[in-house]
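Trainee: I have a new structure open and don't know where to start. Can you walk me through it?
Mentor: Fine, ask as we go.

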Amino acid sequence: MLLKQILEQRRIYYVDGQMSKKRVLELICSMLAQSIEGADAKTLFQLFIEREKLGSTAIGHGIAIPHIRSDLVSKTIGVFIVLEQGIEFDSPDNQPVNLFFALVAPENAAQDHLQSLKQISQLLSDKTFREKILNCKDSDELRQLILARLDQTEELSHVQ
């Protein structure tokens, strides 16, 4: 599954001002709950908290990929949030986290889930692209940048 299929424009969001780890996860869950029939943000929040207790989903370089598998969804969906001000998220490099790409995948879709995590890591591994993301000033600018990159990535995958 391509990231463009996972990430809808309305689930790409820029946040100015200060946030906390709890508040970011609540925002992620609120955005996801709007796209998952029969799910509520509190249930999703508890699932994400349980996942974070297993170990931080921060991967370094200002990036975290909170992710869960649940029978609440039949296909993988994602949220991308950029914080103007990074927050403590137990990152392995002890750096604040600004970029959050959160996923909910179906319980029985382990391979797709791993593939999505790999694609996100590849997308955000480009330092220049991360800097462009962090230079965005609002959600509209961020959406344009992310969706253009996903289109470009999709075109390249068809060529290979």
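What follows is a short chat about the overall fold and a few side chains.

Mentor: Keep in mind that this is a predicted model.

Trainee: Ok. How many helices and strands does the protein chain have?
Mentor: The protein chain has six of each, helices and strands. Starting at the N terminus, the order is α-β-α-α-β-β-β-β-β-α-α-α.

Trainee: And how compact is the protein chain?
Mentor: Its radius of gyration is 15 Å, close to the 15 Å from the globule rule for 160 residues, so the protein chain is as compact as a globular protein of that length. The C-alpha trace spans about 35 × 35 × 30 Å along its principal axes.

Trainee: What share of the residues is buried?
Mentor: 46% of the 160 residues. As for contacts between residues at least 6 apart in sequence, 69% of them join residues at least 24 apart.

Trainee: New topic. How many disulfides are there?
Mentor: Zero.

Trainee: What about Cys-29, buried or exposed?
Mentor: Cys-29 is buried, at 0% relative accessible area. Cys-136 is buried too, with 2%.

Trainee: Now Arg-11. Where is it found?
Mentor: Arg-11 is in the loop that runs between helix 1 (3-6) and strand 1 (12-15).

Trainee: Is Arg-11 buried or exposed there?
Mentor: Buried, because its relative accessible area is 2%, and the cut-off for buried is under 20%.

Trainee: Which residues does Arg-11 touch?
Mentor: Leaving aside residues up to four places away in sequence, Arg-11 touches Ile-6, Met-31, Ser-35, Ile-77, Gly-78, Val-79 and Phe-80. With Gly-78 there is also a polar atom of the Arg-11 side chain 2.7 Å from the backbone oxygen.

Trainee: Switching to rings. How many aromatic pairs are there?
Mentor: The count is two. One of them is Phe-89 with Phe-100, edge-to-face, with 5.1 Å from centre to centre and 75 degrees between the planes.

Trainee: Where do Phe-89 and Phe-100 sit in the chain?
Mentor: Phe-89 is in the loop between strand 5 (77-87) and strand 6 (97-106), while Phe-100 is in strand 6. They are 11 residues apart, and the pair links distant parts of the chain.

Trainee: Are those two rings' residues buried or exposed?
Mentor: Phe-89 is buried, at 0% relative accessible area. Phe-100 also counts as buried, at 0%.

Trainee: Last one. Which charged end sits over the ring of Phe-89?
Mentor: That of Lys-21, 4.7 Å from the ring centre. Elsewhere, the charged end of Arg-149 sits over the ring of Phe-129, 4.2 Å from its centre.

Key
Residues numbered from 1 in each chain as written. Predicted model: local features only at pLDDT ≥ 70, side-chain atom pairs only at ≥ 80, totals over all residues. Heavy atoms only, no water. Disulfide = S-S within 2.5 Å. Buried < 20%, exposed > 50% of the residue type's maximum accessible area, 1.4 Å probe, protein only. Helix = DSSP H or I, 4+ residues; strand = E, 2+ residues; numbered from the N terminus. Polar contact = N/O pair within 3.5 Å; in protein donor to acceptor, adjacent residues only side chain to side chain. Contact = heavy atoms within 4.5 Å. Phe/Tyr/Trp six-rings, centres within 6.5 Å; stacked < 30°, edge-to-face > 60°. Lys NZ or Arg CZ within 6 Å of the ring centre and 35° of its normal. Rg over C-alpha atoms; globule rule 2.2 N^0.38 Å.
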